[in-house]
Amino acid sequence: MKRLFSLFITCLLPLTMAGSLKTAKDTTAMDVSALRWLSTISQGRDLMDNDHDAEGATENEQALLKRIREMKSEGCDAIRLSVCWDTSFYDSRCRSFAPAWLDHIQRIVDDCLCLNLKVILNFHQTEMPCDYTHQEENNKILTDLWRQTATRFRNYDGRLAFSGIDGVKNADDKFPTEENTAVIDSYNQTFVSAVRKTGGRNVYRNLFIQPLAGSISNGLAFLHFPLDGTPGRLAVEFHDNPTDDGIESCQTKRVFDRINQLWIEKGYGVILCSADAEIVGAAQEHNITMFLKEE
């Protein structure tokens, strides 16, 4: 009976919080565009944090904090941290994270900010189908999870950014269809809208959107930017190297030229995550911020 009561209360939390989710706009320490925010990063690290899951977070937290301090000493000035890797990190029926899990994430973020590291909070959603059949339900999940997360962090300053839907793929990793493109666009829009509606500093927070599968080729060909009432606060995030994306190494410069022309010159930031050190020079030459793989 006690367990049922606890589950009932947990499921009610998103509903009881709904009336108090939004607060007044707050521009304090939020005056940096996404393009400028990324340009100040000299060495970002893509923290491979999948060793600390929802069950073992407390046990592994101190080891993770120690590793973050080591990365800081190695010259790192920004960390990318996943709030979830798959559906096991949240209650899919209630569409919410356990408060204890967000407490854990918040402690990691606080520690990073105390070290004056920038932080990207990321949702990894490899198990989220990208089709019309699942679109409505997935948008509900994204709305509730991002609303809960953004509300938790809405008073944090501009050193914290959010990244929406990393890892969403279509069936068998095939070339995107018109359906895939429409659905991924809706996921990106849902992410941006959910965060902005929480108010406070989140109205001005820098937000990163992704193309299908984090693919550079998919982004260049199909990505559409969501509507956003706050200008200059969106960036594109990729998760593969050009050479991993079916692009010959000799074409890397041409691809980066296209990225620069299509987005950076128009004021959008661009970030390449889980990248190899081999293309750092080429990326920096084109104002593309890189988060290196954490081995």
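Let's begin with strand β8, residues 234-238, which is mostly covered: five of its five residues are buried. Keep in mind as you look around that this is a predicted model. In a regular strand, side chains alternate between the two faces of the sheet. You can follow that pattern here, with L234, V236 and F238 on one side of β8 and A235 and E237 on the other. Both faces are covered, and the residues on each side are all buried.

Which strand is joined to β8 by three bridges? The partner is β7, residues 207-209, and the two strands run parallel. To find the pairing in the model, look for F208, which stands opposite A235 in β8. Between these strands, the chain crosses from β7 through α7 to β8, and this β-α-β crossover is right-handed.

Pause on the way from β7 to α7, because the loop between them holds A213. A213 has a positive phi of about 60 degrees although it is not a glycine. Is A213 buried or exposed? Its relative accessibility is 26%, so A213 counts as partly exposed; the buried class is kept for values under 20%.

Now let's turn to the empty spaces inside the model. How many cavities of 30 Å³ or more are there? The count comes to two, and the largest cavity has a volume of about 70 Å³. The elements that give two or more residues to its lining are α6, residues 178-196, and α7, residues 216-222. Of these, α6 gives the most, with four residues. The lining of the largest cavity includes P176, N180, T181, I184 and D185, and also P211, L212, N218, F222, L223 and H224. Sorted by character, the lining residues are six nonpolar, four polar and one charged.

Helix α6 deserves a closer look of its own. Of its 19 residues, 14 are buried, so α6 is largely enclosed by the rest of the structure. You can also check the length of this helix: at 1.5 Å a residue, the 19 residues of α6 should span 27 Å. The C-alpha atoms at its ends are 27 Å apart, which agrees.

The same check can be tried on α4, residues 99-114. This helix has 16 residues and reaches 22 Å from its first C-alpha to its last, close to the 22 Å expected at 1.5 Å a residue. An α-helix has 3.6 residues a turn, so residues three or four places apart point the same way. With that in mind, try finding the buried residues of α4 in the model: W101, L102, H104, I105, Q106, I108, V109, D111, C112 and L113. After α4 comes N116, whose phi is positive, near 60 degrees. N116 is not a glycine, and N116 is found in the loop between α4 and β4.

That loop brings us to β4, residues 118-124, another strand that is mostly covered. How many of the seven residues of β4 are buried? The count is seven of seven. On one side of β4 are K118, I120, N122 and H124, and on the other are V119, L121 and F123. Both faces of the strand are covered.

Strand β4 has neighbours to explore too. Six bridges join β3, residues 78-84, to β4, and these strands run parallel. Here the bridge partner of I79 is V119 in β4. Five bridges also join β4 to β5, residues 160-166, and this pair runs parallel as well. In that pairing, the bridge partner of L121 is F162 in β5.

Let's finish with two residues that show how the chain folds back on itself in space. W37 is found in helix α2, residues 34-39. At 2% relative accessibility, W37 counts as buried. W37 and A161 are 124 residues apart in sequence, but their C-alpha atoms are 9.2 Å apart in space. The other residue is E127, in the loop between β4 and α5, which covers residues 132-153. At 46% relative accessibility, E127 counts as partly exposed. E127 and N170 are 43 residues apart in sequence and 9.9 Å apart in space, C-alpha to C-alpha.

Terms used: Residues are numbered from 1 along each chain as its sequence is written. This is a predicted model: local features need pLDDT of at least 70, side-chain atom pairs count only at pLDDT 80 or more; totals for chains, interfaces and linings use all residues. Side-chain values use heavy atoms; hydrogens and water are left out. On a 1 Å grid over the protein atoms alone, a cavity is a set of points where a 1.4 Å probe fits but cannot get out, and a pocket is an open set with protein on both sides within 12 Å along at least five of seven lines; lining residues have an atom within 4 Å of a point. Grid points are joined across faces, edges and corners, and a volume is the space filled by probe spheres set on the points. Ala, Val, Leu, Ile, Met, Phe, Trp, Tyr, Cys and Pro count as nonpolar, Asp, Glu, Lys and Arg as charged, and the others, Gly among them, as polar. Buried means under 20% relative accessible area, exposed over 50%, partly exposed in between (1.4 Å probe, protein chains only). Two strands pair if DSSP finds at least two bridges between them. A crossover is right-handed if, with the strands pointing away from the viewer, the path from the first strand over the helix to the second runs clockwise. The expected span of a helix is 1.5 Å times one less than its number of residues.
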